[in-house]
Amino acid sequence: MAIQQSLTLLGFCVLFFTCEPKEEPETKRRPNILFILADDLGYHDLSCTGSHFYETPNIDRIAERGMQFTQGYAACQVCSPSRASIMTGKFPARHGITDWIGAKTGTDWRDFNRHNKLLPAQYVHQLPTEYTTLPEAFQEAGYTTFFSGKWHIGDEGSYPEDHGFDINRGGWEKGSPMGGFFAPHNNPKLADKKAGESLTLRLAEETVDFLEAHKDSSFFAFLSFYAVHAPLETTQEKWKKYRQRAYEQGMADSGFVMERRLPIRTVQDNPVYAGLVSTMDDAVGNVLHALEELGLSDNTIIVFTSDNGGVASGDAYATTNLPLRGGKGYQWEGGIREPYFIAAPWINTAGKKSAVPVSGVDLYPTLLDLAGLELKPNEHTDGVSLLPLMQGDSITERPLYWHYPHYGNQGGDPSSIIRLGDWKLIHYWEDGQRELYNLRDDPQEAANIIEQEPTVAQQLGQQLEQFLRETQANTPEPDLEYNEQLAQARQANIVNELLPRLEQQRTNILQEDWQPNPDWWGSQVDSLTQNSAAVLD
């Protein structure tokens, strides 16, 4: 490679982000697109969004240079639906991928022995081929398109190369890194280069190779990290660094409390997860440095976001999204609110923030608009261009919708949501109950005010019901074999056994002599998660 990689290139990245905004690129050369998608990264998992434990200087610079959408959302609380919405500009209820692909539905759900009241709804298992996807729209405009990393929105025949990407490095049906974050990767779309190489840095390397090879043409590059999904793995060096930081910041007496169904993490002090976040930031730095070295930074739009909230419960219990409630899989803000940054070098958005609620469905039309291409309203049905907000103007207020008729591995409930302005209404499919929050007054969603605001609740409920009818959304069904006694016994086991084990695990991982395994290529195998019947998505 002409561009030499390293774990950190912070100094070079400073160069990338300290230049003044440039004029809009000449029409003879359309702007390039670099779309960076993190997996399971929570809203508060970046330094620039409030973390005092994790360090993310490179990602922070994208935020500093671009527009920060502080009310930016993923289209779902789990990954596959959100990713499909980015590709299509459609809410999950409309494209039909409403759960992570591979999740069980109907009577198969009983295999987990979770003893829930409902049988989760059926869902679409691959990205429909009849849609013109975001990369296909850029292909039609003459762009060379590239994908690197996690796909998880279709099996063979519905891979990235089947939906508009000319090149695919590492994208297939699996939603987690099957070989962990160090080679061997066990990925048929990404051959190993050397033993023990970092998957995260390798995906960045593949992206840099693409940039070098296509620097003289217009490109759409999609870097889709498997990080920071479980299994949590890092290097010993990074573990030591963040273990020391945890002690310096003062250890909380406890790190978990009970949410409705599962324990949930309340502190950011996991040094292994911190190392995983840090490596992803290093990888972002490598790509940004390459853009600068190749003279591409002045003509490249950069997007950075995540596919759902941080894993605070279930799976690896990795982080906390506080003061936002919940996390991945949950219906509250911690499950769907994301870092959401867009930087176009010729638009002076440095230091600017927008509090307008926006969604992953908006990225399709926004990128077309930024690139000077015709919008495709019949494709990105639910998305709108955010270019006016980046230029200091406004967009028409519209409702945002979420439809998740499933139980989250992390403790979330089958639910549907509408947000309009400051109001958020959650409808629960188990019992028909609803919660209403004013997010301006109560961003933590601590007080359900549905009884105080019946008119607002009724109006929002009617809009939500109309949307679900319009999209012919699938809904869950009662489980006729539901056993209340078994459900209560399982819940007692979670409170009395799982919660104390999680606290002990948190203490153990911060001990000086802690060793996950002899070679450090597998820093945390979460048997606790397996014991609670959670499945990685």
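# A tour from Asp39 to the largest pocket

At 0% relative accessibility, Asp39 counts as buried (buried means under 20% relative accessible area, exposed over 50%, partly exposed in between, with a 1.4 Å probe and protein chains only). The model is predicted, so local features need pLDDT of at least 70 and side-chain atom pairs count only at pLDDT 80 or more, while totals for chains, interfaces and linings use all residues. Residues are numbered from 1 along each chain as its sequence is written, and side-chain values use heavy atoms, with hydrogens and water left out.

**Stop 1: Asp39 and the cis bond beside it**

Select Asp39, in the loop between β1 (32–38) and α2 (57–65). Helices (H or I, at least four residues) and strands (E, at least two) are DSSP runs, numbered from the N terminus. Now show what surrounds Asp39. Apart from neighbours within four places in sequence, its contacts include Arg83, Lys150, Ala227, Val228, His229 and Asp307; contact means heavy atoms within 4.5 Å.

Two residues in that list, Ala227 and Val228, are joined by a cis peptide bond, with omega about 10°. Val228 is in the loop between β7 (219–224) and α7 (236–249).

**Stop 2: a second cis bond**

Go to Pro184, in the loop between β6 (167–169) and α6 (199–213). The peptide bond from Ala183 to Pro184 is cis, with omega near 10°. Most residues other than glycine have a negative phi, and most peptide bonds are trans.

**Stop 3: two positive phi values**

Select Asp315 and Gln472 together. Asp315 has a phi near 45°, a positive value in a residue other than glycine; Gln472 has a positive phi as well, near 55°. Asp315 sits in the loop between β10 and α9, and Gln472 in the loop between α12 (454–470) and β18 (477–478). Is Asp315 buried or exposed? With a relative accessible area of 2%, Asp315 is buried, whereas Gln472, at 69%, counts as exposed.

**Stop 4: helix α2 and the nonpolar cores**

Select α2. Seven of its nine residues are buried, so α2 is largely enclosed by the rest of the structure. Among the buried residues are Asn58, Ile59, Asp60, Arg61 and Ile62.

From Ile59 and Ile62, step across to Phe304: both isoleucines are in contact with Phe304, as are Ile36, Leu41, Met280 and Pro339, among others. Phe304 is one of the residues with the most contacts inside the largest nonpolar core, together with Phe138, Ile342 and Leu367. That core has 102 residues; a nonpolar core is a set of buried Ala, Val, Leu, Ile, Met, Phe, Trp, Tyr and Cys residues joined through side-chain atoms within 4.5 Å. Helix α8 (residues 271–293) gives the most to this core, with 12 residues. A second, separate core of 36 residues includes Tyr73, Ala93, Ile417 and Leu425.

**Stop 5: Leu436**

Leu425, just named in the second core, is in contact with Leu436. Select Leu436, in strand β17. Its relative accessibility is 0%, so Leu436 counts as buried. Other residues in contact with Leu436 include Trp423, Ile449, Ile450, Val456 and Leu460. Draw a distance from Leu436 to Glu453: the two are 17 residues apart in sequence and 8.2 Å apart in space, C-alpha to C-alpha.

**Stop 6: Trp332**

Which loop holds Trp332? Trp332 is in the loop between β10 (300–306) and α9 (333–336). Trp332 is buried, at 0% relative accessibility. Its contacts, leaving aside neighbours within four places in sequence, include Arg260, Lys424, Ile426, Glu435 and Tyr437. The side chains of Trp332 and Glu435 make a polar contact at 3.2 Å (a pair of N or O atoms within 3.5 Å; within protein, one must be able to donate a hydrogen and the other to accept it, and residues adjacent in sequence count only if both atoms are side-chain atoms). Ile426 is 94 residues from Trp332 in sequence and 8.6 Å away in space, C-alpha to C-alpha.

**Stop 7: the largest pocket**

Arg260, a contact of Trp332, leads to the last stop. Select it with Asn116, Arg261, Asp413 and Glu430: of the 32 residues lining the largest pocket, these lie nearest its centre. The elements that give two or more residues to the lining are β17 (434–438) and α13 (484–508). α13 gives the most, with five residues.

Terms used: 1 Å grid on protein atoms, 1.4 Å probe; cavity = no way out; pocket = protein on both sides within 12 Å on 5 of 7 lines; lining within 4 Å.
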